[in-house]
Amino acid sequence: MQDNIKIYDMVIIGGGINGTGIAADAAGRGLSVYLCEKDDLANHTSSASSKLIHGGLRYLEHKAFRLVREALAEREVLLNKAPHLIKAMRFIMPHRPHLRPAWLIRTGLFFYDHLGKRKKLAGSRFISLANAESPLKAEITQGFEYSDCTVDDSRLVVLNAMQAREKGADIQTRTRCIAAQREADHWLIKLENQQGIFQIKAKALVNAAGAWVAQFIQTQLKLQSPYKMRLIQGSHIIVPRLQQDDRAFILQNEDQRIVFVIPYLDQYSLIGTTDREYSADPAKVVISHQEIDYLLKVSNDHFKTQLNRTDIISCYSGVRPLYDDASDNPSTITRDYILALSSEQQLPLLSVFGGKITTYRKLAEAALEQLQVFFPKMAGAWTATEVLPGAENLNHLEDLVFEIQHKIADVPLQLAQRWANAYGTRVWRMLNQANSLHDLGHDFGHGLYAKEVDYLVEVEWGMCSDDILWRRSKLGLLFSQSEIANLDEYLVKLQRLRAREDAA
């Protein structure tokens, strides 16, 4: 154990969207911040979402007006904060009269259009679907169209972590908190990573461990959790593209739930999500046969193209850690967040229960408001107006794509577009002095070059092929096992080289 233990204003446990959002907000207010994540950033729930920034149209039926209003307003804020990652998208809801009457949908969409501030996003409208070009079955002749947004969820987490670091935070992945306890005037926190076991101190401890939030309180802190959690599994399947244009579909189902069919990575459709209770290890969640059948049936009930299991290209599952509101139906459990604060000896513990990716920034502001009394010199809220990394000086994405093509003369358009969408104006740091594809080093396949991999390791905490292919670049669907092995071999060599340089 080290003799001189560093003390931070705030230590945050958990590197998902809530933890990194709180870290960025707190660091930007002048607090010294340390965040640890036992795996990779966005390793679990925050990379297993439906990739949407949305108000939650179906939550209106549950009278969750405050949550919907906050989420609707956040769409516009986040569009301004990260326009390279977050894009407006039109959604089509086919009308099926036996499920919900037209007047009810019109009423819901009226509230959806007017509950939150809406400047950039177009309003809702009634549409005819009775045409040969419609991908829907012939008997579905009308519907409604409205606006929400799509997002690269795991990159949103990474950008918040980058912003936190640039504001002075210390962000450590593959670092597990194994114990924490209140001492006389600080929290003493024991951590473990590849280098061994070490300790740090904190004036405040934030538990943003997601699906492990209650377990962390009970196991690492030896305390009683103030709230019960409900772990709800949500699964998605990825299939060949079902829609001809860039509009998504929101499909009503007999059980009153809805399923999204979202354009994904140019050539695919993403279908999800499910809602079912989950009681096993959140790190080992996998899609079930029943969930696959459920999603295929909902799609086949609506689309002309009939899918079966052989059409599934990939699938993923996540566990949503929801506050237990005693609902007996998993789909009606509140998606709102609860912040539980205890402050024995004036040493606060703030635990985050629930939440959704759309409202992460407001959740972070609410967390800092609760902690304000312990840090009276802390600066005020700032995240509503400052952009995330990559959005600096970004006017139009099309112009950035053109500039990339001008600098890298032989770059394919699709690759330039991927870089622009992933990195925004930070693409220039990734490309550095390169002027051609040859300057980017080894080609691992599918437009992934050594220079990008090096950048993801150096700047974005990438360590293994899963980090690079699934949570940073979304190229995992294209890579073969041999290509993955080649990338992992390179990453091992790169990590050894970095370790030697650090030791020198």
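Start by selecting helix α12, residues 465-472. Six of its eight residues are buried, so α12 is largely enclosed by the rest of the structure. Keep in mind as you click around that this is a predicted model. To see the buried ones, colour Ser465, Asp467, Ile468, Leu469, Arg471 and Arg472. What lies over them? The cover includes α4, β20 (448-449), α11 (450-459) and α13. Before you leave, step just past the end of the helix: α12 is followed by Lys474, which has a positive phi, near 60 degrees.

**Next stop: α4 against α12**

Now add helix α4, residues 153-166, to your selection. Two packed helices are described by the angle between their axes and the distance between the axes. Here the angle is about 110 degrees, and the axes of α4 and α12 are 8 Å apart. How do the two helices sit relative to each other, roughly parallel or roughly perpendicular? Angles from 65 to 115 degrees count as roughly perpendicular, and α4 and α12 are therefore roughly perpendicular to each other.

Show the side chains where they meet. On the α4 side, pick Ser154, Arg155 and Val158; on the α12 side, pick Trp470, Arg471 and Arg472. Sorted by class, this contact has three charged residues, two nonpolar ones and one polar one. You've already met Arg471 and Arg472, since both are among the buried residues of α12.

**Ring hunting**

Time to look for aromatic side chains. How many aromatic pairs does the structure hold? There are 11 of them. Select Phe65 and Phe111 for one example. Their ring centres are 6.3 Å apart and their planes are at 50 degrees, so this pair is tilted. The two rings come from distant parts of the chain, 46 residues apart: Phe65 belongs to helix α2 (residues 65-81) and Phe111 to helix α3 (residues 102-114). Are these rings buried or exposed? Neither, quite: Phe65 counts as partly exposed at 35% relative accessibility, and Phe111 counts as partly exposed at 39%.

Jump to Phe444 and Tyr490 for an edge-to-face pair, with 5.0 Å from centre to centre and 65 degrees between the planes. This pair also links distant parts of the chain, with Phe444 in strand β19 (residues 443-445) and Tyr490 in helix α13 (residues 481-503). Phe444 counts as buried, at 4% relative accessibility, whereas Tyr490 is partly exposed at 24%. You saw α13 earlier, as part of what covers α12.

One more ring stop: select Phe91, Tyr112, Tyr146 and Phe260 together, and you have one aromatic cluster.

**Into the core**

In soluble globular proteins, nonpolar side chains tend to be buried together. The largest nonpolar core here has 87 residues, and Met10, Ile22, Ile86 and Trp419 touch the most other members. Zoom in on Ile22. Setting aside residues up to four places away in sequence, Ile22 touches Met10, Ile12, Val206, Val352, Leu363, Ala364, Ala367 and Leu368. A second, separate core has 30 residues, including Tyr8, Ala209, Ala214 and Ile217.

**Last stop: Asn18**

Finish by selecting Asn18, in helix α1 (residues 17-28). With a relative accessible area of 13%, Asn18 is buried. Which residues is Asn18 in contact with, leaving aside neighbours within four places in sequence? Show Ala208, Val352, Gly354, Tyr360 and Leu363. Val352 and Leu363 should look familiar, as Ile22 touches both.

Key. Residues numbered from 1 in each chain as written. Predicted model: local features only at pLDDT ≥ 70, side-chain atom pairs only at ≥ 80, totals over all residues. Heavy atoms only, no water. Core = buried A, V, L, I, M, F, W, Y, C linked by side-chain atoms within 4.5 Å. Buried < 20%, exposed > 50% of the residue type's maximum accessible area, 1.4 Å probe, protein only. Contact = heavy atoms within 4.5 Å. Axes fitted to C-alpha atoms, helices over the stretch in contact; angles between N-to-C directions. Helix = DSSP H or I, 4+ residues; strand = E, 2+ residues; numbered from the N terminus. Parallel < 35°, antiparallel > 145°, perpendicular 65-115°, else oblique. Nonpolar A, V, L, I, M, F, W, Y, C, P; charged D, E, K, R; others polar. Phe/Tyr/Trp six-rings, centres within 6.5 Å; stacked < 30°, edge-to-face > 60°.
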